[in-house]
Amino acid sequence: MAQNVSVSDEIADATPVCSAKGCRTAAIWVLAWNNPKLHTPERRKTWLACDEHREHLSQFLGVRGFLKDVVPLAEWESAADR
Ligand SMILES: [Zn+2]
């Protein structure tokens, strides 16, 4: 079904928000993770986190042994540009 894209949607797309359930806060951290059962070792999945949820989300991934890296979003994006 076609939907009109509103201005607020465009802004939401441009501003990465936290991956925590129900959180709409702008993300400032990138959590890079890998599930060895599903992904090749070089593969990186990413979650975004605000300051408040960074610890919660990294613990979630950490206890499963999935967490590889936590980097500031600005740093992650500049690394991706290279
Ligand atoms: Zn959050």
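## Cys50 and the zinc site

Cys50 sits in the loop that links S2 to H2. The model discussed here is predicted. Cys50 is buried, with a relative accessible area of 2%. That value puts Cys50 in the buried class because buried means under 20%. Leaving aside residues up to four places away in sequence, Cys50 touches Cys18, Cys23, Thr25, Ala26, Ala27, Ile28 and Trp29. Cys50 and Val17 are 33 residues apart along the chain, and their C-alpha atoms are separated by 7.5 Å.

**The metal**

Which residues hold the zinc ion as protein donors? They are Cys18, Cys23, Cys50 and His53. The cysteines donate through SG, and His53 donates through ND1. The donors lie 2.0 to 2.3 Å from the zinc ion. The 4 donor atoms subtend angles of 102 to 116° around the zinc ion, so the arrangement is tetrahedral. For four tetrahedral donors, the ideal angle at a metal is 109.5 degrees. Along the sequence, the donor residues follow the spacing C-x4-C-x26-C-x2-H.

Where do Cys18 and His53 lie? Cys18 is in the loop between helix H1 (7–14) and strand S1 (29–33). His53 is in the loop between strand S2 (45–49) and helix H2 (54–63). The pair therefore ties together parts that are 35 residues apart in sequence. Both Cys18 and His53 are buried.

**The overall layout**

The protein chain has 3 helices and 3 strands. From the N terminus, their order is α-β-β-α-β-α. Of the 82 residues, 24% count as buried. The accessible surface comes to about 6,300 Å². Carbon and sulfur atoms account for 51% of that surface. Now take the contacts between residues at least 6 apart in sequence. Of these, 50% join residues at least 24 apart.

**The strands**

S1 pairs with two strands, S2 and S3. The table sets out both pairings.

| Strand pair | Bridges | Direction | One bridge pair |
|---|---|---|---|
| S1 and S2 | 5 bridges | antiparallel | Ala32 and Thr46 |
| S1 and S3 (residues 67–72) | 5 bridges | antiparallel | Trp29 and Pro72 |

S1 is mostly covered, with 4 of its 5 residues buried.

**The core**

Nonpolar side chains tend to be buried together in soluble globular proteins. Here the largest nonpolar core has 10 residues. They are Cys18, Ala20, Cys23, Leu31, Trp33, Ala49, Cys50, Leu57, Leu61 and Phe66. S1 and H2 are the elements that give two or more residues to this core. Three of the zinc donors, Cys18, Cys23 and Cys50, also appear in the core.

Take Leu61, one of the core residues. Not counting residues up to four places away in sequence, Leu61 touches Leu31, Trp33, Trp47, Phe66 and Leu67.

**Trp47**

Trp47 lies in strand S2. Is Trp47 buried or partly exposed? Trp47 is partly exposed, because its relative accessible area is 22%. Buried would need a value under 20%. Trp47 still touches Ser19, Trp29, Val30, Leu31, Trp33, Leu57, Phe60 and Leu61, again not counting residues up to four places away in sequence. Trp47 and Val70 are 23 residues apart along the chain, with 9.6 Å between their C-alpha atoms.

Conventions
Residues are numbered from 1 along each chain as its sequence is written. This is a predicted model: local features need pLDDT of at least 70, side-chain atom pairs count only at pLDDT 80 or more; totals for chains, interfaces and linings use all residues. Side-chain values use heavy atoms; hydrogens and water are left out. Buried means under 20% relative accessible area, exposed over 50%, partly exposed in between (1.4 Å probe, protein chains only). Contact means heavy atoms within 4.5 Å. Accessible areas come from the Shrake-Rupley method with a 1.4 Å probe; for residues, only the protein chains shown count as cover. Donors are N, O and S atoms within 2.8 Å of the metal (3.2 Å for Na, K and Ca); water is not among the atoms, so sites may look incomplete. Four donors count as tetrahedral if all angles lie between 85 and 135 degrees; four count as square planar and six as octahedral if opposite donors are over 155 degrees apart and all others between 65 and 115; anything else is irregular. A nonpolar core is a set of buried Ala, Val, Leu, Ile, Met, Phe, Trp, Tyr and Cys residues joined through side-chain atoms within 4.5 Å. Two strands pair if DSSP finds at least two bridges between them.
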